[in-house]
Amino acid sequence: MERRTTVPEAALRDLSAVPATPLGRAARDAGTVPVLPVLPALRPVLPGGGLRPGSVVGLGGPGAASLGLALVAGVSRHGGEDGAGGWCGVVGVPDFGVAAAAGMGAAPERLLLVDDPGDRWPDVVAALAEAVGLVLLRPPERPGSAAVRRLSALARKHGCVLALAGPFAGDWPGTRLRLRLDDVAWDGLGDGHGRLNGRRAQVTAEGRDAPGAGRRARLWLPAADGTVRPDETARPPLELVPGAVSAGAPVHPRPPGALPPARAAEVIA
């Protein structure tokens, strides 16, 4: 397989020529960029409607690669000093779908792809963290404590978000936000025929930056046209509301001591 990017010494030095991200400490202290922007469909899931600059975000669940694509698309399209687009780095993800990311809204000309960083992956991420708003990283190994401390500190210093994917994404201490895909279903297939044209999924945000039970949203990820948008067919769960019917309580309240319908069915069976 052809590798799109290798990282010799000269390439690491060349990263200094990339325009510095405006999401550094000065911008955060001035309050000009409270969050790193994401695609509109993801904003209801994230506290503050975006990613906290300098944070570490873990990605998980079936199809988590699409979450990485969506985060890159949001930053490259809506990030930057004037909201006209920001820079992103993608490290250790040789199967990163540039065309799919572009379909979600990414600007390919603002993506820095390092398919195989080798043993020097911490140095590559360190160099990128000084220049881009987001680094999507698939660590090739369980990260050591020295690499975690170094890269987490650089991310905080420069306001760069580290988005972690792959089997070692959960082994990064200090991850304050985790995004997970659940209940994934493709649309378009019939009984042995058809063509996949869209995927519905539930996106859940959990962790210290999403306290409580977390936040959830049903999305097309992607929709038939390649974009990311809310799943309008999703319906909120029904809830029993105590009080008068006029205040929204059930018309037929459950008698005292009666079992819930599901439990009653188990007893009858």
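Here is a short student and tutor chat about this predicted model.

Tutor: Ground rules: this is a predicted model, where local features need pLDDT of at least 70, side-chain atom pairs count only at pLDDT 80 or more, and totals for chains, interfaces and linings use all residues. Residues are numbered from 1 along each chain as its sequence is written, and side-chain values use heavy atoms, with hydrogens and water left out.

Student: What makes glutamate 109 exposed and arginine 110 buried?

Tutor: Buried means under 20% relative accessible area, exposed over 50%, and partly exposed in between (1.4 Å probe, protein chains only). Glutamate 109 has 54% relative accessibility, so it counts as exposed. Arginine 110 has 16%, so it is buried.

Student: Why is the contact between those two side chains called a salt bridge?

Tutor: The term asks for a side-chain nitrogen of Lys or Arg within 4 Å of a carboxyl oxygen of Asp or Glu. For glutamate 109 and arginine 110 the N to O distance is 3.9 Å, so the pair fits that cut-off.

Student: What makes aspartate 209 and arginine 176 a salt bridge?

Tutor: Their closest N and O atoms are 2.9 Å apart. Aspartate 209 lies in the loop between S7 and strand S8 (210-220) and arginine 176 in the loop between strand S5 (161-164) and strand S6 (177-189), so the pair ties together parts 33 residues apart in sequence. Aspartate 209 is buried, at 15%, while arginine 176 is partly exposed, at 28%. Arg52 is linked with both in a network of salt bridges.

Student: How do you know that arginine 199 has no salt bridge?

Tutor: The nearest side chain of opposite charge, aspartate 183, is 11 Å away. Lys and Arg count as positive, Asp and Glu as negative, with His and the chain ends not counted. Arginine 199 is buried all the same, and sits in strand S7 (residues 194-207). Among the residues it touches are Trp186, Trp220 and Pro222; contact means heavy atoms within 4.5 Å.

Student: Why is helix H3 called largely enclosed?

Tutor: Because 12 of its 15 residues are buried, including Leu67, Leu71 and Val75. Helices here are DSSP runs of H or I with at least four residues, strands are runs of E with at least two, and both are numbered from the N terminus.

Student: What makes residues 262-269 a stretch to treat with care?

Tutor: pLDDT, the predictor's confidence in each residue from 0 to 100, stays under 50 there. The model has 2 contacts beyond four places in sequence for that stretch. Where pLDDT is low, the predicted coordinates should not be read in detail.
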